[in-house]
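Welcome, and please take a moment to look over the model shown here. A short guided tour follows it.

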Amino acid sequence: MTAHPCLTSSSGSGRMASSRLPILLALVFSSFSFVHSHSNRVMWFQDLFPPNVCPINAKANTFYGIMFDAGSTGTRIHIYTFVQKSPESLPELEGEIFESVKPGLSAYADQPEKGAETVKKLLDMAIDAVPPHLWKKTPVVLKATAGLRLLSEEKAQALLLEVKEVFEESPFLVPEDSVSIMDGSYEGILAWITVNFLTGQLSGQNQHTVGTLDLGGASTQITFLPRFEETLKESPGDFLTSFEMFNSTYKLYTHSYLGFGLKAARLATLGALNMEAVDGQMFRSSCLPKQLEAEWHFGGVKYRYGGNKEGETGFKPCYLEVLKVVKGKLHQPDEIRGSSFYAFSYYYDRAVDTNLIDYEQGGVLEVRDFERKAKEVCDNMERYNSASPFLCMDLTYITALLKEGFGFRDNTLLQLTKKVNNIETSWTLGATFHLLQSLGITY
Ligand SMILES: Nc1ccn([C@@H]2O[C@H](COP(=O)(O)OP(=O)(O)O)[C@@H](O)[C@H]2O)c(=O)n1
Ligand SMILES: [Ca+2]
């Protein structure tokens with residue numbers, strides 16, 4: 001572990017996009033360890049920002065952490081600002097600057113240098129946001145998710161290597177292992193930590209942690225804190241991970257299903273997932289408008305797809321098609337049926353697209369609201385012809401994933417949230433806590 005020198009300036013960014021929202025980083029002061037039930041013990045968050053590391057007369061300080069989310073559909077930069085107002089007080093999360101580009105790195109599978117250029121453009125934002133005298137002390141890290149997991153090792157590594165070069169050429173602190181593909185189980189856990197940290201559930205006495213559902217392009221995650229012994233007993237060993245804080249042990253249920261993200265599910269429904277040499281072949285589905293014939297690029301591959309010209313279309317046949325993709329493929333923990341979950345990413349986007357929730361506000365939905373919308377869209381595709389041709393398929397997949405995949409009830413509540421206190425509900429904040437701790441960035 002590299003010791004990071006104390007920072008001494010109090011100047012902040014002049015370009016904060018988000019409002020100043022002090023959130024105590026209390027949780028990270030505690031002894032925080034992380035245990036995969038089936039693997040090695042990993043220490044996390046231990047002694048993050050230990051007090052008394054810096055001179056007692058240190059001024060109020062601002063410091064930054066830069067985390068890239070290289071997702072399957074886009075690359076995003078999160079620049080977090082932390083402030084320590086006095087040597088005695090705990091650092092606070094002050095805000096976040098966020099920007100994103102499309103498509104994601106995996107679309108540059110055959111042009112790694114071009115892919116890395118997209119990262120460089122985003123990193124230029126950090127040059128503007130972080131004061132120059134703090135550049136050398138500000139760590140930059142990129143973690144890739146399902147898009148790169150699905151590429152060949154060789155192509156994924158070529159992309160990561162190019163990105164690493166961009167980082168090395170930047171003025172920022174480039175830790176070892178700064179560019180990598182993240183293990184799927186961490187994605188769920190880090191998002192759970194972010195959401196529960198932002199909603200204040202990880203400090204204080206009466207903690208009511210919330211479960212999280214993330215639906216990406218290529219993978220999907222479910223994470224919650226089981227309340228019943230049964231769940232711990234009945235879950236596969238590698239679905240359980242525990243960590244300690246404030247002298248409590250949290251044993252989380254988490255799993256990332258690769259190939260069950262929304263876009264991968266489109267391909268699976270079309271029968272095109274993992275197909276080689278798909279060029280020219282036409283994939284048809286009852287979930288698409290009858291007359292549709294089009295092309296779609298995903299993960300660097302071109303697919304031709306279309307509607308069932310002669311055959312059936314609509315919710316019923318579509319549901320049967322989608323069911324084949326999810327039925328019996330996911331573990332169904334009994335206790336989640338009645339509980340409520342935070343849901344984001346494509347759950348959020350599709351709910352916005354169909355006016356189930358407001359883009360800015362988010363909202364609370366029941367599982368059956370997605371089914372109702374799926375029926376409405378699929379049975380009236382001509383009315384929705386200005387929307388994405390996949391809208392019916394996407395809503396039907398979300399419905400089937402929730403009901404038949406995870407086993408949620410029709411009335412299970414979903415809290416759809418993009419931001420909490422103006423901070424993105426993304427795994428990247430949890431990952432930044434881990435990063436700062438591992439570097440010993442303290443005052
Ligand atoms: N900071 C972020 C990151 C992703 N997303 C959403 O996540 C979905 C795409 O997931 P992704 O590109 O991260 O794919 P995976 O690599 O996670 O499978 C889209 O709905 C994005 O809008 C978001 O809303 N906010
Ligand atoms: Ca994601």
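The report below goes from the overall fold to the core, the ligand shell and two individual residues.

## Overall picture

Please keep in mind that this is a predicted model. The protein contains 11 helices and 20 strands. Of its 443 residues, 50% are buried. If you look at contacts with a separation of 6 or more, 74% of them join residues 24 or more positions apart.

## The largest nonpolar core

A good place to begin is the largest nonpolar core, which has 126 residues. Within this core, the members that touch the most others are Val163, Ala343, Tyr347 and Cys392. The core lies between domain 1 (23-182 + 425-439) and domain 2 (262-329 + 363-416), because both domains give residues to it.

Ala343 deserves a closer look. Once its neighbours within four places in sequence are set aside, Ala343 is in contact with Leu213, Tyr348, Leu414, Gln415 and Leu416.

## Around ligand 1

Which residues are closest to ligand 1? They are Gly71, Ser72, Thr73, Gly216 and Ser345, out of 20 residues that surround the ligand. By character, the shell around ligand 1 consists of 13 polar, 4 charged and 3 nonpolar residues.

Two helices are worth finding here: α2 (146-149) and α8 (346-353) each contribute at least two residues to the shell around ligand 1.

## Glu187, an annotated position

An unreviewed UniProt entry carries the annotation "active site" for Glu187. You will find Glu187 in helix α4, which spans residues 184-198.

Is Glu187 buried or exposed? Glu187 is buried, because 27 other C-beta atoms lie within 10 Å and the cut-off for a buried residue is 20 or more. Not counting neighbours within four places in sequence, its contacts are Thr145, Met182, Gln221, Ser256 and Trp427.

## Thr428 in the last stop of the tour

Thr428 sits in helix α11, made up of residues 427-439. Thr428 counts as buried because there are 26 C-beta neighbours inside 10 Å.

Leaving out residues up to four places away in sequence, Thr428 touches Met67, Asp69 and His78. For another pair to locate, try Thr428 and Tyr108: these two are 320 residues apart along the chain, and their C-alpha atoms are separated by 22 Å.

How values were computed. Residues numbered from 1 in each chain as written. Chains lettered and ligands numbered in written order. Predicted model: local features only at pLDDT ≥ 70, side-chain atom pairs only at ≥ 80, totals over all residues. Core = buried A, V, L, I, M, F, W, Y, C linked by C-beta atoms within 7 Å. Buried ≥ 20, exposed ≤ 12 C-beta atoms within 10 Å, placed from the backbone. Domains from an automatic or database assignment. Contact = placed C-beta atoms within 7 Å. Near = placed C-beta within 6 Å. Helix = DSSP H or I, 4+ residues; strand = E, 2+ residues; numbered from the N terminus. Nonpolar A, V, L, I, M, F, W, Y, C, P; charged D, E, K, R; others polar. UniProt positions renumbered as here; feature names shortened; annotations may be inferred.
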